[in-house]
Amino acid sequence: MRLAPEQAAMLEGRHGWPKQIALEMLVAVGKAHDAPDLIPVRSAHVVIDGLALGAPGLAFLERLVAEGGRFVVPTSLNAIAIDRRHPPADDGERLQRRMLEACEKMGALASCSCNPFIQGIVPAFGEAVAWSESATAPFVNAVVGARTNREGATALAAALTGLTPRYGMHLERERRGGALFEVTAPVAGLDRFNLLGTLIGRRAAGRIPVLAGLARPSLEALVGFGAAMAVVSALPMYHMVGITPEAPTLAAVFPDGVPEPEIVDEAALEAEYRRTASATSRRVDVVSLGCPHASLDQMREIAGLLAGRRVAAGVTFYVHTNRSTLEAAGAAGVLASLEDAGIRVTADNCAVLSYERLPRAAQLATNSAKMALFATTLAGVGIHFGDVGACVAAGLSGQWEGRWNSPG
Ligand code: F3S
């Protein structure tokens with residue numbers, strides 16, 4: 001792998017330990033992917049999940065600070081496992097707060113969201129960036145047309161050095177379509193785009209999926225589709241013909257010839273629904289909306305659906321968002337409508353990325369395939385899956401009145 005003199009100096013430790021260890025990581029990843037060299041990135045998005053990284057993660061971040069580590073490109077942070085509005089309640093929450101403080105000392109923007117796009121943190125078309133969090137990469141690549149691989153700790157290394165190896169999504173040929181899906185099922189609304197996302201994530205089997213036949217989705221549906229696709233696959237991008245910027249035509253994404261389309265019909269979406277909805281009774285204990293974090297429009301929609309009614313006794317009804325959207329919702333009067341109805345609006349974290357655990361054997365209603373999968377695998381809850389209207393109605397009554405997957 002070719003290194004510029006400045007990069008070789010970093011690798012030798014002449015710019016300090018933080019840059020040295022970061023560059024060692026980037027070179028190792030680059031070599032594993034046959035990257036010819038390193039390229040500059042314009043921004044990084046870093047995951048500092050205290051639940052996953054724990055005490056070793058904190059020790060590493062604090063050592064970076066102590067040894068003079070500083071982020072050399074604009075660096076945003078993903079959702080964290082606490083809501084910063086509340087003082088830390090235990091050692092885990094204190095650890096998460098210290099991780100955040102360490103990153104802020106290195107220059108990070110404490111955006112704390114899995115959906116930075118609704119905060120206005122958006123790269124430009126064609127830019128090379130290094131973004132972690134599975135939900136962000138598909139949006140960055142597919143919707144924005146910027147370029148990132150699905151980064152892990154390498155996003156931190158990129159933040160410290162401003163560099164990333166040239167491979168994967170940074171190469172034109174790797175961004176081309178690998179499989180064509182003709183969607184004949186009607187898909188509108190966030191819940192249906194989520195089901196389409198997990199379906200495509202599985203069926204694409206590692207090939208970059210190209211979807212045809214769709215009407216233009218909302219921003220929230222594009223975020224939700226990508227997050228759902230990425231939670232069941234390692235895919236970093238997709239194309240929607242006539243919708244996403246690198247797919248104006250089929251020929252643009254299949255320059256060597258357009259393959260036969262695989263059909264995605266209503267039966268396929270129905271099977272995906274059956275795979276997702278796992279609740280065993282109509283009871284609803286928890287409602288979770290805002291995965292990835294809700295936009296102000298989504299919060300407004302939920303407030304409108306409440307129509308002045310209150311959440312049922314015994315139901316915990318979450319709406320997850322980030323701090324800046326929460327503040328905008330406060331200024332617009334939307335936050336008060338939600339909280340007056342008994343909804344817990346969380347900022348920075350969510351029902352599964354939190355030190356507060358979901359009760360086991362609970363039944364959770366959501367319109368997010370990512371939340372459904374995480375809540376099932378991490379907390380063993382049963383899932384009611386449906387559109388935002390069905391989820392709000394369930395929160396108000398404590399019963400799932402929508403479609404139900406039970407054989408009974
Ligand atoms: Fe975000 Fe939590 Fe979903 S971190 S993507 S709301 S699982």
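**Strand 11 and its crossover**

I started with strand 11, helix 11 and strand 12, which make a right-handed β-α-β unit. This is a predicted model, so I'm reading everything below as prediction. Strand 11 covers residues 286-289 and helix 11 covers 296-306. Strand 12 takes in residues 316-321, and it pairs with strand 11 in the parallel sense over four bridges. I looked for the residue opposite Ser288 and found Tyr318 of strand 12 as its bridge partner.

Next I turned to strand 14 (residues 363-366), which also pairs with strand 11, parallel, over three bridges. Here Val287 stands opposite Ala365.

Are the faces of strand 11 covered or not? Both are covered: Val286 and Ser288 are buried on one side, Val287 and Leu289 on the other. I noted the general pattern too: side chains in a regular strand alternate between the two faces of the sheet.

**The loop after strand 11**

I followed the chain out of strand 11 into the loop that leads to helix 11, where Pro292 sits. The peptide bond from Cys291 to Pro292 is cis, and I read omega near -10 degrees. Worth flagging, as most peptide bonds are trans.

**The whole sheet**

I then traced the sheet outward. Five strands form an open sheet, in the order 13-12-11-14-15, with parallel pairing. Which strands stand at the edges? Strand 13 (344-347) and strand 15 (382-385) do; each has a single partner strand, so one side of each is left without a neighbour in the sheet. I also checked the twist: neighbouring strands are turned by 25 degrees against each other on average, direction ignored.

At the strand 13 edge, I found four bridges in a parallel pairing with strand 12. Val319 stands opposite Val345 of strand 13.

**Strand 8 and its neighbours**

I moved on to strand 8 (209-212). Its residues split two ways: Pro209 and Leu211 point to one side, Val210 and Ala212 to the other, and all are buried.

Strand 7 (residues 179-183) runs parallel to strand 8, joined by four bridges. Phe181 stands opposite Leu211 there. I walked the connection: from strand 7 the chain goes through helix 7 to strand 8, a right-handed β-α-β crossover.

Strand 9 (residues 239-240) pairs with strand 8 as well, parallel, over two bridges. Leu211 comes up again, now opposite Met240 of strand 9. Strand 8, helix 8 (residues 219-231) and strand 9 make up another β-α-β unit, and I logged that as right-handed.

**Cores**

Which residues have the most contacts inside the largest nonpolar core? I got Ile48, Leu61, Leu196, Leu214, Phe225, Met240 and Leu358, in a core of 95 residues. Helix 7 supplies the largest share of this core, seven residues.

I picked Leu196 for a closer look. Leaving out residues up to four places away in sequence, Leu196 touches Val183, Val187, Leu211, Leu214, Phe225, Val264 and Leu269. So Leu211 of strand 8 is one of the residues Leu196 touches.

Another core, of 30 residues, lies apart from the largest one; among its members I noted Ala312, Val315, Val334 and Leu396.

**Helix 8 against helix 14**

I checked how helix 8 packs on helix 14 (residues 369-379): the angle is about 35 degrees and the axes are 8 Å apart. From helix 8 the contact uses Ala227, Ala228 and Val231; from helix 14 it uses Ala369, Lys370, Leu373 and Phe374. I sorted these by type and got six nonpolar, no polar and one charged.

**Two positive phi values**

Last, I looked through the backbone angles, bearing in mind that most residues other than glycine have a negative phi.

Glu133 has phi near 80 degrees, positive without being a glycine. I placed Glu133 in the loop between strand 4 (130-132) and helix 5 (136-144). Is Glu133 buried or exposed? Its relative accessible area is 15%, and the cut-off for buried is under 20%, so Glu133 counts as buried.

Ala205 is another non-glycine with positive phi, about 50 degrees. I found Ala205 in the loop between helix 7 (190-204) and strand 8. Ala205 has 63% relative accessibility, so I put it down as exposed.

Technical notes:
Residues numbered from 1 in each chain as written. Predicted model: local features only at pLDDT ≥ 70, side-chain atom pairs only at ≥ 80, totals over all residues. Heavy atoms only, no water. Buried < 20%, exposed > 50% of the residue type's maximum accessible area, 1.4 Å probe, protein only. Pairing = 2+ DSSP bridges. Right-handed = clockwise from strand over helix to strand, strands pointing away. Core = buried A, V, L, I, M, F, W, Y, C linked by side-chain atoms within 4.5 Å. Contact = heavy atoms within 4.5 Å. Axes fitted to C-alpha atoms, helices over the stretch in contact; angles between N-to-C directions. Nonpolar A, V, L, I, M, F, W, Y, C, P; charged D, E, K, R; others polar.
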